[in-house]
Amino acid sequence: LGLTVLVHGPLLWGTVLLHELFHCWGARKAGMEVHEILLWPLGGLAFIGRSPSACADLGVAAAGPASHVPQLACFIALLAAVNG
């Protein structure tokens, strides 16, 4: 159990952090202010300023889940390397 927590804990934390950073990147790209990111055991929150439009909101909302595509590629490569 200890090794599982030691390996998966930082991996989960890094995944959540990257997800929130992508939300922030999407917000900055739309011209919005980014104030802070809050990470807690149930996930994370990106605190950003007002959105100029609903279309910008959609882009910011989609940016977080889009971070999982390159992560998936990295995880598949890591599994392939470990499993031979």
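Where is the place of C74? Select C74 and look: the place of C74 is in helix α3. Keep in mind that this is a predicted model.

**Stop 1: helix α3**

Select residues 68-83, which make up helix α3. This helix has 16 residues. At 1.5 Å a residue, they should span 22 Å. Now check the ends. The end C-alpha atoms of α3 are 22 Å apart, so the model agrees with the expected span.

Here is a rule to try on any α-helix as you turn the view. An α-helix has 3.6 residues a turn, so residues three or four places apart point the same way.

Go back to C74. This residue is exposed, with a relative accessible area of 53%. The cut-off for exposed is over 50%, so C74 passes. Next, select G49 together with C74. They are 25 residues apart in sequence. In space, their C-alpha atoms are 32 Å apart.

Then select G84, just after α3. G84 takes a positive phi of about 80°.

**Stop 2: the cysteines**

How many disulfides does a search of the whole structure find? The search finds 0 disulfides. Select C24 to see one case. C24 is in no disulfide, and the nearest cysteine sulfur, that of C55, is 19 Å away. Is C24 buried or exposed? C24 is buried, with a relative accessible area of 7%.

Now draw a distance from the sulfur of C74. The closest cysteine sulfur is in C24, 20 Å away. Why is there no bond here? Because 20 Å is too far for one. A disulfide needs the two sulfur atoms within 2.5 Å.

**Stop 3: helix α2**

Select residues 54-66, which form helix α2. C55 is placed in this helix. At 62% relative accessibility, C55 counts as exposed. Add A30 to the selection. C55 and A30 are 25 residues apart along the chain, and their C-alpha atoms are separated by 9.4 Å.

Stay in α2 and pick D57, which is also found there. D57 is partly exposed, with a relative accessible area of 41%. Draw a second distance to A30. The C-alpha atoms of D57 and A30 are separated by 8.7 Å, although the two residues are 27 apart along the chain.

**Stop 4: the strand pair**

Select residues 34-40 for β1 and 43-48 for β2. How do β1 and β2 pair? They pair in the antiparallel sense, over 6 bridges. A hairpin of 2 residues joins β1 to β2.

Look across the pair. L39 stands opposite G44 in β2. E36 stands opposite F47 in β2.

**Stop 5: the nonpolar patch**

Which residues form a nonpolar patch on the surface? Select L38, W40, L42, L45 and F47. Show their surface. Together they have about 510 Å² of accessible area. Color the two strands to see where the patch comes from. β1 and β2 each supply at least two residues of this patch.

Finish on W40, one of the patch residues. The place of W40 is in strand β1. W40 is partly exposed, with a relative accessible area of 45%. Patch residues need over 30%, so W40 meets that cut-off.

Note on methods: Residues are numbered from 1 along each chain as its sequence is written. This is a predicted model: local features need pLDDT of at least 70, side-chain atom pairs count only at pLDDT 80 or more; totals for chains, interfaces and linings use all residues. Side-chain values use heavy atoms; hydrogens and water are left out. Patches are made of residues with over 30% relative accessible area and no salt bridge: like charges are joined within 9 Å, nonpolar side chains (Val, Leu, Ile, Met, Phe, Trp, Tyr) within 5 Å. Accessible areas come from the Shrake-Rupley method with a 1.4 Å probe; for residues, only the protein chains shown count as cover. A salt bridge is a side-chain nitrogen of Lys or Arg within 4 Å of a carboxyl oxygen of Asp or Glu. Helices (H or I, at least four residues) and strands (E, at least two) are DSSP runs, numbered from the N terminus. Buried means under 20% relative accessible area, exposed over 50%, partly exposed in between (1.4 Å probe, protein chains only). Two strands pair if DSSP finds at least two bridges between them. The expected span of a helix is 1.5 Å times one less than its number of residues.
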